[in-house]
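Open your viewer and get your selection tool ready. We will make a few stops together, choosing what to select at each one.

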Amino acid sequence: MSRFGITCEQTAEECVYKTGSLRFSVLSDRILRVEKSVSGVFVDAPSQTVFCRNFAKPAFEVSKKDGKVIISTQRAIFEVDEKTLAVECVLDGKRVKPDRGNLGGTARTLDMTAGCVAIGKGIMAKSGVSVFDDSATCLLSEDGGLVAREKGTRDIYVFAFGHDYAGGLKEFFALTGKVPMLPKYALGNWWSRYHAYTQDEYTELMDRFAEEKIPFTVATVDMDWHIVDDVPSEFKSKNPTQCAGWTGYTFNKKLFPDYKRFFKDLKARGLAITLNLHPRDGVRYYEEQYPDMARAVGIDPATKKTVAFDLTDPKFRDAYFDILHHPYEEAGVDFWWIDWQQGTKSAMKGVDPLWLLNHYHFADAGRGGRTALILSRYAGVGSHRYPLGFSGDTIVCWKSLQLQPRFTSTAANVGYTWWSHDIGGHMFGKGDPELYVRWLQFGVFSPVNRLHSTKRGKYSKEPWLYGEQAEKIADDFLRLRHRLLPFLYTAAADTAKNGVPICKPMYYDYDVLFAYDARNQYIFGSQLIVAPVITKAGRSGKSRTKVWLPAGRWTNFFTGETQEGNRIIFAADDLDTIPVFAKEGAIIPMLPERDGNSMQFDELEVRVYRGDGEYESFDDAGGIRFAVRTEGDEVVLSVTPEEGCVTRKLGVRFFGAEYSSVSCKGKEVEGNSVTVPCTACEIRAKVRSVDVKAPAEAQ
């Protein structure tokens, strides 16, 4: 099989019903596939969207009535009109039509937006049923190529998840493929700027960050890494927004006289490396790689004929990776930032080149057992298989920030869990310190914290450019993001293993009216509720943020103040805090405060919130299982390291009440924290008093 090939297990025959030109495949109790083929030849191959159709074998019954095929499972009744393929469902005894109250999905990009973008349809709906039409996609062959479908065929999926959005999403991942695990470095702080850095300028900036004790784990180099301006005159662009050298593969030796040394210098500083790509214009004769690329696709290099960009051509596809990308990866590039902005047409009708780039780049990045990663725009349903998402060039303004929390969480409704935004915004704006800080705070409590800006104007995201107060707050939050790596990496594992989004809408866990109205807050890492500050502070200097707290006890992550839920509060925050609340029984592992950008989980500081809960902290070399319970006036934490666990020391701190003492193995200390060796043990905290803010005080 080709390195880009994929196989799809066929639907079990006992789960299929055929009648005339229709085939019905009952994929689960809640997913029905409906196909129409005039020739009677139905599709079992994977499509660009669907990778597996044999993950369950549900029992079902079939009948016909009034021109409809009626399929009944344990969870739903599907009624499909044989002529129009219109669908109705019966859930819990109620007849519903698909997509009423569709909860939205996501969008291809936020390029040039200032708070307004059309969000596409998702697979979740308040009615409980949605329909996804897969008819327009191509099929995937075992050698990795694309095959057009027979004309006139229909291929429709009906999702009857009800309001079990979390369970429905897991079934959707079983159908379309899981979200891959991320490399740990992707969850730290990223530095990025559209600026023609020299290699010395870039490493000096990284050293400045280190001196300021600001940890970064990813170094992004925008397109000026390659030749941009010094191109032959015949390639000069007439488009003012796209210069002649947007596409390029030859390092700019004026800026990077020794790029291999540059890569080694970044690696020595503990940084992963990504380079920007704009591949549309192919490979032109002035590129160093041109002779090899030309010969690989059958062009005589002497002709200087451009090697056209065409990932539907297997010869070009192989050469594209082997000649243009693999040598740079061997020198130190960890992954590629695919900055495709040039439309949706490719050499194959109906195939989006962005999808081709995402699919093939990610497959290639995972060769040889590597942990694959790309940074690219969203190319439609199924794009969750190719993290991370690059949301594009937003305008620096409050409205852009106001869009991003709900945009990010709503994307879970198409399984797109890893959006990466230009934190702080890309262009325009006036360098507002308050906006910069609030955007950065959202970035810290979002899937990916990638600071980025354009080269023009005062938009760069170094904290020291925004005044003393903003600088201190930004520094603290960037350090906090790095300290949260154990919590974030565990959330990434939960997404990959269990299909739980790191960032999800409130209604995933709380099916009440308030949850649907709380659009600007979200559940983060399953332990926290985050409500980013998205409006400018008033004269008091404090922001005022509306937050809905579900039933239960909630503790402010920053202040330690505890409040009863099942109500709306209006949080008043100074610039240095935002509303983040831990649920009762929450357990949050963090790195201790220390210098540098080490990603080793050799020591952990664990926040434990009074209540009952379980949590398994993930690490590649073995994690730790935690369980917290309340016994009378004591909060008890059980610690069970897994085999191979590298954590040697635990610092445990209890929240959610006032504590008189903490003890482990008979040793007692004053206060609410203790540091112990990481071994199987129980740590007990004795409650002195419980201080829960009354509803009247919190309104």
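**Stop one: a helix pair**

Helices α5 and α6 are oblique to each other, because angles outside the classes roughly parallel (under 35 degrees), roughly antiparallel (over 145) and roughly perpendicular (65 to 115) count as oblique. Select residues 314–331 for α5 and 353–365 for α6: their axes come within 12 Å and cross at roughly 55 degrees. Axes here are lines fitted to C-alpha atoms over the stretch in contact, with angles from 0 to 180 degrees between N-to-C directions. Helices are DSSP runs (H or I, at least four residues), and strands are E runs of at least two, numbered from the N terminus.

A word on the model: it is predicted, with local features needing pLDDT of at least 70 and side-chain atom pairs pLDDT 80 or more, while totals for chains, interfaces and linings use all residues. Residues are numbered from 1 along each chain as its sequence is written, and side-chain values use heavy atoms, leaving out hydrogens and water.

Now show side chains. Arg317, Tyr320, Phe321, His325, His326 and Glu329 of α5 are in contact (heavy atoms within 4.5 Å) with Leu357, Tyr360, His361 and Asp364 of α6.

**Stop two: aromatic rings**

Next, pick Trp225 and Phe251, a tilted pair with 4.9 Å between centres and 55 degrees between planes. Rings of Phe, Tyr and Trp (its six-membered ring) pair if their centres lie within 6.5 Å; planes under 30 degrees apart are stacked, over 60 edge-to-face, the rest tilted. Trp225 is buried (under 20% relative accessible area, 1.4 Å probe, protein chains only) at 0%, and Phe251 is buried at 3%.

Notes:
Buried means under 20% relative accessible area, exposed over 50%, partly exposed in between (1.4 Å probe, protein chains only).
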